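The following questions and answers are intended for reading alongside the structure. Each answer closes on the value or name requested.

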Amino acid sequence: MTAGSRWGIIIVLNSGNHRYIRRFPTRIRQTAEQNGYTSHINILSMTRYNTPVSSLPGIGTRRQAALARLGIFTAGGLLMHFPSAYQNRGNVKTIAEAKDGEVVSLELTVASTPNVVRLPGASRRTMLKFSAVDETGRVSVVYFNQDYLKDSFQKGTEGRFFGRLTLHNGVKTLGAPDFEPLHGRQPLRPLTPVYPLTAGITRKLITSLIADLLELGIDMPTALPESVRQAAGLCTFDEALRWIHFPDTYEALAAAREYFICEELFTFACSMKLARRRGDIALDAPKIIPPEGALERFYASLPFAPTGAQRRSIAEIAADMTGSSGQPMSRILTGDVGSGKTLCAAAAAYLAVCGGFQAAVMAPTEILARQHYEELSQLLSPFGISCALLCGATKASERTSILDSLAMGTLHVLIGTHALITPDVIFSRLGLAVTDEQHRFGVRQRAALTGSPGENEHPHVLVMSATPIPRTLALVLYGDMSHSVLDEMPPGRQKVDTFVVNESYRQRLEGFILKQVSEGHQVYIVCPAVENEPERDEEDGELYFADRRFELPDTVLKSAVEYAADLGERYPKLCVGLVHGRMKSSEKESVMSDFAANRIHVLVSTTVIEVGVNVPNATLMVIENAERFGLSQLHQLRGRVGRGGAKSWCILVSDTRSENAKKRLAVMKETNDGNVIAERDLELRGPGDFLPLGTGRARQHGDAGFRLASLGSDMSQLKAAFAHADELLSCDPSLEKEEHRGLREALKRFDKSGIAAMLN
Ligand code: ADP
Ligand code: MG
């Protein structure tokens with residue numbers, strides 16, 4: 001990389017926990033020295049990690065906007081934009097071995113002087129052409145509209161060519177291959193980074209931006225204190241940063257990944273510990289004493305008998321709230337989809353209101369909030385308990401009247417989304433905060449609920465999650481929260497029959513979808529991607545994923561937008577709906593309500609429907625590229641069907657050849673028990689699936705989730721991270737020491753990303 005030609009010269013400072021990569025652009029230094037300018041090598045520029053990308057060379061407003069779509073705003077963000085895979089160019093073949101249509105790496109010598117021809121037609125296209133050889137044969141190499149490359153390919157030039165080889169009139173031809181010159185006999189790197197891209201950002205551009213930054217030097221704070229790094233036996237931060245982008249060997253890549261995984265897990269652990277501590281400080285919750293026999297009256301009002309698990313969990317909740325368990329409630333309630341968590345929330349709200357307090361129930365989406373509102377109103381209205389729903393979409397006049405009655409205390413239970421935590425939402429006496437799906441709500445949001453029950457008091461807190469979390473993992477994640485488990489299903493639930501099929505069943509599958517619809521039922525189809533990627537590198541060749549446990553994508557990703565369009569076109573009578581995360585929430589809402597009202601027969605979506613949606617008339621769940629989902633996620637998706645009286649099915653479509661993926665899918669076929677699935681998932685995949693925003697290989701645009709940890713981490717790494725965090729925080733509880741400055745900064749960024757808040 002010839003960074004020196006475009007960039008200033010660096011000088012290296014080293015202070016505190018900031019590392020400054022010391023490296024001079026060699027060409028510049030040599031040139032300067034040759035010309036006797038040694039003394040002029042001076043501080044010309046020093047890129048800071050928080051330098052906005054717009055001040056990097058070559059980044060105008062267009063590219064700035066495109067980078068923003070990738071979640072990149074600063075130089076540091078660029079360096080933390082890790083490759084999603086690595087092209088294996090080390091697997092060099094000979095011309096004789098290369099097959100027609102194959103993407104190959106060839107080591108060749110240029111055998112003829114490049115020749116530029118103007119192509120016929122008005123397009124003014126030009127073609128640069130030369131031949132190159134190895135000991136087994138000859139290929140023709142062509143580039144279009146790149147005349148300037150002429151000088152790079154002198155006769156006799158040796159290098160590695162990487163591109164697609166095709167046969168043209170019997171001549172083996174390489175079209176626009178990537179070229180790396182062989183300098184002497186120094187071996188070329190076997191691995192070339194493949195970055196997540198977006199329209200307007202090519203791989204070349206991002207690779208050179210990153211290479212330039214690394215070459216130039218940048219001060220990046222690292223969260224891992226030196227003591228922890230050494231204790232964990234990791235490579236240095238500088239090495240890790242260089243190797244994650246441009247690994248010289250597989251071993252270097254593995255070391256770099258281990259570094260960043262540990263850094264992320266460690267930051268995560270510290271952030272959880274600190275958040276917990278903030279929540280604990282001297283705050284108490286009120287004792288809530290409902291009248292004698294209240295709970296039995298509640299049970300008696302139900303249209304069904306509560307399960308044993310529900311009774312047990314509600315008793316645990318009641319003991320916390322009345323103060324008989326000796327501590328304010330900070331409890332997580334986990335239970336499989338359909339295990340009846342809402343009833344527990346209703347019971348808790350009922351007890352709070354009977355005892356003279358108000359309750360707040362928060363859900364991550366409007367759809368879910370509305371469902372909770374309907375269910376809770378039904379369960380609580382017989383007791384004269386008033387409920388209201390507050391969402392972003394609530395009309396201003398209605399909102400005002402809700403807020404008034406809330407402040408007066410005449411409104412007992414407020415259910416809603418993020419809208420609950422705006423500052424003008426003031427409770428008169430809030431005794432209980434319930435949040436559904438804990439990944440998306442956390443301690444900060446709860447702290448933001450205003451209207452404390454008394455001085456130095458905060459509401460009792462109940463967190464519900466449908467993701468069954470294996471006990472071992474729960475211990476680490478929720479070590480100091482109490483845990484209630486609904487491990488028993490309400491009676492009469494029927495098993496959702498599950499099948500794993502491949503592409504050859506496509507036609508039969510579509511027939512089955514039509515049959516369900518013709519019988520008046522509805523169908524969900526879930527795809528792993530929203531849209532076809534805007535600018536996929538065509539020349540992917542053989543990819544290498546650093547996390548060996550995560551399989552190579554051996555199948556083409558189905559995307560919701562194209563899928564829905566195609567299905568609607570081929571079956572005009574079918575009402576096909578589409579919902580995905582990039583839609584506005586009002587749009588999603590309206591599609592979901594059309595589906596709930598059976599105005600849509602087949603709903604094609606991404607995993608946005610994963611959490612809690614209830615449409616009992618849906619009887620078929622089809623999951624495309626099922627190998628791309630975690631087991632717990634598949635289980636949650638499957639839980640969307642089988643909610644009514646009718647027989648229901650789940651069809652997992654996968655063409656994967658990976659044995660491990662097949663094994664995971666087989667688990668889905670074998671069992672419907674979320675707890676068993678969670679345990680198996682932990683065994684087969686590691687805890688990534690349970691951690692917040694564990695989104696898979698490519699970082700999701702805009703999310704600042706884990707970059708690597710969710711993929712590669714295993715229990716022992718997670719446990720070690722918590723142990724290191726414990727130790728560090730006991731020596732330096734408020735992270736005041738200078739050597740923990742990097743960690744402080746990382747925690748600030750981490751907090752902003754919301755991960756910390758999400759789990760606690
Ligand atoms: P989840 O745990 O997934 O949130 P819900 O609370 O939505 O489950 O409950 C699913 C369905 O089961 C609801 O329709 C609810 O009314 C019903 N249900 C809950 N508890 C029982 C029970 N003990 N017996 C029968 N049905 C129940
Ligand atoms: Mg629920």
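**Ligand shell, cores and a buried threonine**

Q: Which of the 15 residues around ligand 1 come nearest?
A: The model is a predicted one. In it, 15 residues surround ligand 1. Those that come nearest are Q310, G338, K341, T342 and R493.

Q: How many residues of the shell around ligand 1 are charged?
A: The shell around ligand 1 contains 5 nonpolar and 6 polar residues. The charged residues of this shell number 4.

Q: At what distance does a backbone N or O atom of G338 lie from an oxygen atom of ligand 1?
A: Backbone atoms of several residues approach the ligand. A backbone N or O atom of A305 lies 3.0 Å from a nitrogen atom of ligand 1, and one of G340 lies 3.1 Å from an oxygen atom of ligand 1. For G338, the distance from a backbone N or O atom to an oxygen atom of the ligand is 2.6 Å.

Q: What percentage of the area that ligand 1 exposes when taken alone does the protein bury?
A: Taken alone, ligand 1 exposes 570 Å². The share of this area buried by the protein is 78%.

Q: Which helix supplies the largest share of the largest nonpolar core?
A: The largest nonpolar core has 64 residues, and L78, I206 and F260 touch the most other members. A contribution of 13 residues, the largest share, comes from the helix spanning residues 250–280. That helix is α7.

Q: How many residues does the other core, which includes I314 and V413, contain?
A: This core lies apart from the largest nonpolar core. Its members include I314, A318, A345 and V413. Its residue count is 44.

Q: Which histidine is in contact with L78, neighbours within four places in sequence being left aside?
A: With those neighbours left aside, L78 is in contact with L56, L67, I72, I206, L209, I210 and L213, among others. The histidine in contact with L78 is H245.

Q: Why does T126 count as buried or exposed?
A: T126 lies in strand β7, which covers residues 126–134. A residue is buried when its relative accessible area is under 20%. T126 therefore counts as buried, because its relative accessible area is 5%.

Q: With which side chain does the side chain of T126 make a polar contact?
A: Leaving out residues up to four places away in sequence, T126 touches V116, V117, R118, L119, Y143, F144, N145, Q146 and D147. The side chain of T126 makes a polar contact, at 2.6 Å, with the side chain of D147.

Definitions and conventions
Residues numbered from 1 in each chain as written. Chains lettered and ligands numbered in written order. Predicted model: local features only at pLDDT ≥ 70, side-chain atom pairs only at ≥ 80, totals over all residues. Heavy atoms only, no water. Core = buried A, V, L, I, M, F, W, Y, C linked by side-chain atoms within 4.5 Å. Buried < 20%, exposed > 50% of the residue type's maximum accessible area, 1.4 Å probe, protein only. Helix = DSSP H or I, 4+ residues; strand = E, 2+ residues; numbered from the N terminus. Contact = heavy atoms within 4.5 Å. Near = heavy atom within 4 Å. Polar contact = N/O pair within 3.5 Å; in protein donor to acceptor, adjacent residues only side chain to side chain. Areas by Shrake-Rupley, 256 points an atom, 1.4 Å probe, with all protein chains shown as cover. Nonpolar A, V, L, I, M, F, W, Y, C, P; charged D, E, K, R; others polar.
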